[in-house]
Amino acid sequence: MKNEKNKSAKLSDFNSSRRTLLRNALVAGCALCVPITWAAETSPDKAQQPVAEEGKKVSKAQAKYQGKPNNKKHCAVCNNFIAPNACKRVEGKISPNGWCTLFTPKTA
């Protein structure tokens, strides 16, 4: 009878420690995902982009337009660029060497 109780107690301890281990692994996994997800959502490429109503453009300030490229990203290779110096989504004259947060690379 004592052996059965001891076996039952040991099995119960094993199950609870196994449950604790799995719960802690889940918590650790979630804790690692939060910073990765946050970094991906706040990266410059994923930063909140201004949204224009259909047919309307946003200002250069709203698009955070700058007259210089961002590494290899520049207006001349953007899907929104209209040669020689316009944009589908940003008001005013645009330099082919400029860049803004609405940059979308041209598809091949």
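Pro84 sits in the loop between strand 1 (81-82) and strand 2 (86-87), and a cis peptide bond links this proline to Ala83. The model you are looking at is predicted. Besides that loop, it is worth a look at one cavity and at two residues with positive phi, Lys64 and Asn71.

**The cis bond**
- The omega angle of the bond between Ala83 and Pro84 is about 5°.

**The cavity**
- There is one cavity of 30 Å³ or more in the structure.
- The volume of the largest cavity comes to about 80 Å³.
- Its lining includes four cysteines to find in your viewer: Cys75, Cys78, Cys87 and Cys100.
- Aromatic side chains are also in the lining, among them Tyr65, Phe81, Trp99 and Phe103.
- Ala86, Val90, Ile94 and His74 complete the list of lining residues.
- By class, the lining has 11 nonpolar residues, one polar residue and no charged ones.

**Positive phi in the loop between helix 2 and strand 1**
- Lys64 lies in the loop that runs between helix 2 (60-63) and strand 1, and its phi is near 55°, a positive value in a residue other than glycine.
- Lys64 has a relative accessible area of 56%, so it counts as exposed, for which the cut-off is over 50%.
- Asn71 is likewise placed in the loop between helix 2 and strand 1, with a positive phi near 60°, and it too is a residue other than glycine.
- Asn71 is exposed because its relative accessible area, 72%, is over 50%.

Key: Residues are numbered from 1 along each chain as its sequence is written. This is a predicted model: local features need pLDDT of at least 70, side-chain atom pairs count only at pLDDT 80 or more; totals for chains, interfaces and linings use all residues. Side-chain values use heavy atoms; hydrogens and water are left out. On a 1 Å grid over the protein atoms alone, a cavity is a set of points where a 1.4 Å probe fits but cannot get out, and a pocket is an open set with protein on both sides within 12 Å along at least five of seven lines; lining residues have an atom within 4 Å of a point. Grid points are joined across faces, edges and corners, and a volume is the space filled by probe spheres set on the points. Ala, Val, Leu, Ile, Met, Phe, Trp, Tyr, Cys and Pro count as nonpolar, Asp, Glu, Lys and Arg as charged, and the others, Gly among them, as polar. Helices (H or I, at least four residues) and strands (E, at least two) are DSSP runs, numbered from the N terminus. Buried means under 20% relative accessible area, exposed over 50%, partly exposed in between (1.4 Å probe, protein chains only).
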